[in-house]
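Visitor: Please take a close look at one pairing in this model, and then follow the packing outward from there in a connected account. I would like the geometry stated carefully, along with how far the prediction can be trusted.

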Amino acid sequence: MNIKNFKLNTKIIAFGLASVLLHSCGDPKPAEGETGDDLADTDTVKAVALNVGGELFSVPSPMQTALLIQKSGVAYDKAILNAGNKNGQYASDYSKSLNLGIYGADLGYVSMYNQTQDALQYLGAVKQLADKLGVSAAFDQNTMKRINDNISNKDSMLMLVGVAYRASDAYLKTNKRTEISSLILTGGWIESMHFSITAYNKKSTDEIKYRIAEQKQALGSIVKLIRSHNLPDAAELVTQLEELAKIYDGITTKYNFVEPTTDEAKKTTYINSTTEISISKEQIDQIAAKITAIRDKIINAKS
Amino acid sequence: MKKNLYKGLLILSIVGLSNTAKAQCDSIASLCAKHIIAQFISDGQSYRSLLLNSEEMAEFHTTFFGETTYRLAACSGKTDGNLIFNIYDQDRHLLFTNKNYANAPYWDFKVKNTLECTIEAQLDANKNAGSGCAVILIGFKQK
């Protein structure tokens, strides 16, 4: 593209976009049958869209692991959690974000076991870190009141905490603070791994063992996510996660596809495929040591 | 002088469009959240992507754990049924597409054994003339 063309394009694009904006401001109601979310289909819009879009990542909810552990009959143990009164020591956004993820997982864990007093303490820790990070919109007065009102109702608590974390994720993505969102997810995942490992040491069930082994994809997403932000603070974390990924590379799985079945009336599909997974005691020990090292560094941060 | 005016107008317009798109995604996500009913716990994430046309695809990889029921809600625009979503296993077997069920805005999946899968979403060409924000939400409950 030469300079002349660029000048011409700038004019056209500027007027075009201004027209689109003015049009959208003046006519907010879509015609019947339209979705109402159409944007002008121009190259400039494409640039904006690509900037917002890009690869998506998924990290399993730590509450899902807490749920499995509780169902496995492992007793509640507050000692495995990050102490709820440490939030004041986390000074950097990096440290606050990771520990907000950890406290969120801890809040899910105590709620799962109906520990009302502890839930209040972790709710306070979550609220304080969220405020400091500027994501208090997700934990606003109304949400906090609903959580407080339902603090002794396990099912409502879990639902509300999940919704609050989703709101925080959405808020951070909307405001282009995806690095904070990624660190919160990472903190939550590390804490959920810590739950699994400590539970497995107390009660070595196959369910917990396989849950530890089944984290290869989640870990892959987390490594990509954290690496994509190029955060200087996260360099050591990335190295540690990559070392963890190497341990996971040694875990073998055998997937057997079985045709799913669907009950249309119930809007339900049954996924019938099976997976055989093989993980050794030595591999679990290696994973446990690595997770403990990563977690200790995060929860004991003083900056 | 004129050059600066055009540049200024361009920057303002891009910022404006970006904000419009963000607001659009937020309102779609709010509507979509209604499909993740109370018995499901949100996975705490809001998967969203701006799609330029019905050819473009948003994609992410996830793990469905065994003995769990998942609910996926998929939305674009202000009404249900504008977004097609497909789920594939790790060998690219199609496990489900809502296209076969009138672009149902949500669907439940009872998962027997843990599996890694890929979720893809695209705008339905018959219902979307241009671009739009695609939102996917996931909830889960123990079987």
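**A strand pairing and two helix packings**

Guide: The bridge partner of Ile87(B) in β8(B) is Ile119(B), and this, like everything that follows, is read from a predicted model. The two residues belong to a longer pairing, in which strand β5 (residues 83-89) of chain B runs antiparallel to strand β8 (residues 115-123) of chain B over 7 bridges. That pairing sits within an open sheet of 4 strands in chain B, ordered β3-β8-β5-β6 and paired in the antiparallel sense. At the edges of the sheet stand β3 (58-64) and β6 (94-97) of chain B, and each has a single partner strand, so one side of each has no neighbour in the sheet. If direction is ignored, neighbouring strands of this sheet are turned by 20° against each other on average.

As for confidence, chain B has an average pLDDT of 89, with 85% of its residues scoring at least 70, while the model as a whole scores ipTM 0.89 and pTM 0.84. Where pLDDT is low, the predicted coordinates should not be read in detail.

Turning to chain A, the description moves from strands to helices. Two packed helices are described by the angle between their axes and the distance between the axes. For helix α4 (residues 93-112) and helix α8 (residues 178-202) of chain A, the angle is about 45° and the axes lie 7 Å apart; α4(A) and α8(A) are therefore oblique to each other, and their crossing is right-handed. The residues in contact include Leu98(A), Ile102(A) and Tyr109(A) from α4(A), with Ile184(A), Gly188(A) and Phe195(A) among those from α8(A). By class, this contact of α4(A) with α8(A) comprises 12 nonpolar, 8 polar and 3 charged residues.

A second packing in chain A brings together helix α6 (residues 141-149) and helix α7 (residues 154-174), at an angle of about 160° and with their axes 9 Å apart. Because the angle is over 145 degrees, α6(A) is roughly antiparallel to α7(A), and the crossing of α6(A) with α7(A) is left-handed. Here Thr143(A), Arg146(A) and Ile147(A) of α6(A) meet Met157(A), Leu160(A), Val161(A) and Ala164(A) of α7(A), a contact that has 5 nonpolar, 1 polar and 1 charged residues.

Technical notes: Residues numbered from 1 in each chain as written. Chains lettered and ligands numbered in written order. Predicted model: local features only at pLDDT ≥ 70, side-chain atom pairs only at ≥ 80, totals over all residues. Axes fitted to C-alpha atoms, helices over the stretch in contact; angles between N-to-C directions. Parallel < 35°, antiparallel > 145°, perpendicular 65-115°, else oblique. Left-handed = near helix turned anticlockwise from the far one by under 90°. Contact = placed C-beta atoms within 7 Å. Nonpolar A, V, L, I, M, F, W, Y, C, P; charged D, E, K, R; others polar. Pairing = 2+ DSSP bridges. pLDDT = per-residue confidence, 0-100.
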